[in-house]
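These are my notebook entries on a single model. I record what I looked up, entry by entry.

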Amino acid sequence: MENLILFDPLLQWTVIYGLGIALVLITALGIWRGLSGWFYRLLAGVALLAALVNPSLQNEEREPLTDIVLVVVDESASQRISDRPEQTAEALEALEAEIEGLGMEPRIARVRDAEDNSGTLMMAELQRMMAEEPRARVAGALLVTDGRLHDADLVPDMPAPIHALITGRETDWDRRLVIETAPAFGIIGEELTLTLRIEDQGALPPAVIGGRSDIVISVDGGAPQTYTVPVGESLELPLTLEHAGQNVIQFTVPEAADELTTRNNAAVVQINGIRDRLRVLLVSGEPHPGQRTWRNLLKSDPSVDLVHFTILRPPDRQDGVPVSELSLIAFPTRELFMEAVDEFDLIIFDRYQRRGILPMLYLDNIRRYVEDGGALLLAAGPDFAGASSLFRTPLADILPGRPTARVLEEPYLPTISELGARHPVTTGLEMEHTPLPTSDDPWGRWFRQIELTEQGGQTVMEGVNGAPLLMLDRVGEGRVALLASDHAWLWDRGYEGGGPQLELLRRLAHWMMGEPDLEEEALTAEVDGQTILITRRTLADEVGAVTVTTPDGEEIEVLLEETSPGAFTAEIEGAEQGLYRLVEGDLERVIALGPAAPREFEVTIAGSDQIDPLAEATGGRTFRLEEGLPDIRRVGEGRVAHGRGWLGLTTREAYVTTDVAVTPLVSAWLFLVIAATLMLAGWLREGRA
């Protein structure tokens with residue numbers, strides 16, 4: 001219970017002050033005139049003023065409130081290594097018991113890794129807790145952590161001390177792989193440089209000081225290569241990208257004896273391989289309407305260097321025009337087809353037929369170029385079905401289709417085959433074009449097709465009566481495409497609404513040059529936060545389960561579902577940041593969940609250097625748990641809150657008022673009687689005088 005005297009004036013305080021001043025002046029006048037009753041008159045005035053002030057007695061019933069202790073527990077990735085989880089659990093159990101034994105209430109919050117590789121944000125959590133609790137009840141804050149905060153400059157305004165209990169051991173040491181510089185893009189075939197360093201932290205054993213370490217490097221999950229490098233020095237690693245798209249380079253440092261963790265012994269660098277310039281050789285036969293289509297497609301891409309070779313007049317044709325007027329320079333056929341053919345990424349024959357210009361030796365060299373990894377696209381016209389067909393050359397050994405000598409001259413609608421609906425070159429092609437409102441067909445018709453019989457490869461588009469129209473094949477290390485019509489230009493001209501001619505030819509050209517996004521057999525993975533989206537593209541009707549190896553070595557079997565023709569997908573949630581290895585059959589993929597070098601593992605050695613300043617600023621202190629849990633005591637506000645082997649929590653003495661009673665000290669009538677009596681006494685005194 002608490003008693004207070006309150007004043008509830010009947011008039012404004014300014015009026016009461018004025019009456020008080022008047023009373024003092026009247027009293028002074030009475031004293032000056034020698035009135036003997038001035039003292040009684042003064043007391044009467046005071047009684048009247050007291051009545052106007054209206055004093056009351058307030059009685060409060062108060063219920064004391066327990067003090068609150070804010071406990072923030074670090075459960076980030078760096079706190080889950082070595083024996084730190086056990087240290088944290090034991091300390092937390094003991095803290096709860098001691099805090100409750102002091103009659104205080106613990107408020108416990110747990111902090112895990114922040115999003116976007118922001119690290120451990122304990123001060124942000126402490127600010128949130130402070131906003132939820134009455135400030136007058138907070139007796140202090142206890143942090144259970146390894147001391148590696150990433151928002152130590154955001155200390156909240158605390159009315160009580162902050163103490164920290166540090167996990168870890170003084171003897172801990174760790175080895176870490178650091179990727180200092182790594183480009184996001186690289187040109188295929190050109191050397192680029194990565195900079196990395198192996199560094200040691202903590203209490204190093206004598207055996208590792210100034211030593212060397214092995215480092216294992218693997219590209220795209222291939223065979224690892226091991227090198228021995230010095231520790232503590234920045235190393236420049238030359239690297240040449242072999243293919244377009246994502247190149248995944250994995251670096252691993254073997255585990256050293258007694259090191260704290262291997263979670264920072266590995267890193268993944270993903271570099272996007274791009275081609276500097278795509279060199280394309282286009283060889284055209286006699287001019288026709290579709291010739292400009294190929295040229296426009298290739299010239300529209302600024303990254304393509306196009307060499308266009310057109311036969312304007314065959315050797316057996318004599319029309320009287322001097323050769324000097326047909327060509328400004330002699331065309332370097334030998335240089336192109338014998339010496340420099342390997343420099344091209346793609347060779348296209350557009351309605352070309354044998355006319356004695358390119359000897360069989362040149363064409364045989366093109367066959368060898370394809371088998372060694374080159375790409376050949378043949379767009380056939382009526383010439384392909386005749387005696388001068390390119391099929392009657394060494395190229396026949398690598399072409400997927402054989403001409404029957406029939407040229408089908410009739411309208412037909414090109415269609416995607418059952419296999420083509422699954423192939424990346426043609427899947428979803430109908431979605432790339434808007435048909436005419438008056439037509440039920442997805443695109444316009446063509447009017448000529450060279451009849452082929454399959455002798456290998458894959459038919460992805462069909463024409464008249466289901467005959468092969470577009471065939472694809474892999475030959476040796478290279479790729480071949482055969483388009484059995486020269487009427488693709490009708491789509492480009494918009495005949496009967498046109499069609500996705502540019503998209504088809506673009507996909508076809510990029511597939512032939514090995515674009516990873518158009519591989520028909522591929523295993524890919526994409527990361528969105530903590531979710532990994534696995535995609536398996538295939539031409540088969542079913543695929544096996546994907547084996548996922550997590551950063552801690554656990555293997556998980558993931559079943560895929562077909563979500564679109566030729567694409568099987570699944571999503572998994574990655575519990576831990578780090579490297580995930582995906583394997584399905586002969587395909588393998590390595591992907592990093594989270595950053596290549598998580599912020600949590602930049603410094604793994606526990607320490608108090610970041611927390612000491614903020615603890616001292618609030619009157620708190622840091623303690624190492626390996627030295628034992630300190631005693632917890634109550635201390636008065638403003639007193640020292642720590643000492644040898646103990647820490648203090650400030651007693652706040654907060655309360656809540658449950659009942660209030662207000663009683664007037666003296667009745668107003670009593671004040672009036674007192675004032676009248678005193679005035680009468682003064683009058684009588686003055687009357688006797």
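I call a residue buried under 20% relative accessible area, exposed over 50% and partly exposed in between, with a 1.4 Å probe and protein chains only. The model is predicted, and I noted that local features need pLDDT of at least 70, that side-chain atom pairs count only at pLDDT 80 or more, and that totals for chains, interfaces and linings use all residues. Residues are numbered from 1 along each chain as its sequence is written, and side-chain values use heavy atoms, with hydrogens and water left out.

**Entry 1: Thr 604**

I looked up whether Thr 604 is buried or exposed. Thr 604 counts as buried, because its relative accessibility is 0%. Helices (H or I, at least four residues) and strands (E, at least two) are DSSP runs, numbered from the N terminus. On that basis I placed Thr 604 in the loop between strand S32 (587-593) and helix H11 (612-617). I then listed its contacts, where contact means heavy atoms within 4.5 Å. With neighbours within four places in sequence left aside, Thr 604 touches Ile 81, Arg 84, Asp 174, Gln 201, Leu 260, Thr 261 and Asn 264.

**Entry 2: two exposed loop residues**

I found Thr 434 in the loop between S20 and strand S21 (449-454). Its relative accessible area is 67%, so Thr 434 is exposed. From Thr 434 to Gly 498 I read 9.0 Å, C-alpha to C-alpha, for two residues 64 apart in sequence.

Glu 115 lies in the loop between strand S4 (105-111) and helix H4 (122-132). Glu 115 is also exposed, with a relative accessible area of 68%. Its C-alpha atom is separated by 41 Å from that of Met 512, which is 397 residues away along the chain.

**Entry 3: H1 against H2**

For angles, axes are lines fitted to C-alpha atoms, for helices over the stretch in contact, and the values run from 0 to 180 degrees between N-to-C directions. Helix H1 (residues 13-33) packs on helix H2 (residues 38-53) at about 175°, and their axes are 10 Å apart. Angles under 35 degrees count as roughly parallel, over 145 as roughly antiparallel, 65 to 115 as roughly perpendicular and the rest as oblique. H1 and H2 are therefore roughly antiparallel. From H1, the contact includes Trp 13, Leu 19 and Leu 23; from H2, it includes Trp 38, Arg 41 and Leu 49. I count Ala, Val, Leu, Ile, Met, Phe, Trp, Tyr, Cys and Pro as nonpolar, Asp, Glu, Lys and Arg as charged, and the others, Gly among them, as polar. The residues of this contact divide into 11 nonpolar, 4 polar and 1 charged.

**Entry 4: H10 and H8**

I checked the length of helix H10 (residues 501-512), taking the expected span as 1.5 Å times one less than the number of residues. Its 12 residues should span 16 Å, and the end C-alpha atoms, 17 Å apart, agree with this. H10 is largely enclosed by the rest of the structure, because 10 of its 12 residues are buried. Among the buried residues are Glu 503, Arg 507, Trp 511 and Met 512. Gly 514 follows H10 and has a positive phi, near 80°.

Helix H8 (residues 360-371) also has 12 residues, with an expected span of 16 Å and its end C-alpha atoms 17 Å apart, which agrees. Its buried residues include Tyr 362, Arg 367 and Tyr 369. Among the elements covering the buried residues of H8 are helix H7 (333-339), S17, S18, S23 and S24. After H8 comes Gly 373, whose phi is positive, near 125°.

**Entry 5: sheets and a hairpin**

Two strands pair if DSSP finds at least two bridges between them. I traced an open sheet of 8 strands in the order S16-S15-S17-S18-S24-S23-S22-S20, with mixed pairing. Strand S16 (304-310) and strand S20 (415-416) are its edge strands, each pairing on one side only. Strand S23 (residues 468-475) and strand S24 (residues 478-483) run antiparallel and are joined by 6 bridges; Asp 473 has Val 480 in S24 as its bridge partner.

A second entry concerns an open antiparallel sheet of 3 strands, in the order S7-S9-S12. Strand S7 (173-181) and strand S12 (234-240) each have a single partner strand, so one side of each is left without a neighbour in the sheet.

Finally, strand S27 (residues 546-549) and strand S28 (residues 555-558) pair in the antiparallel sense over 4 bridges. They form a hairpin with 5 residues between them, and Gly 553 in the turn has a positive phi of about 95°.
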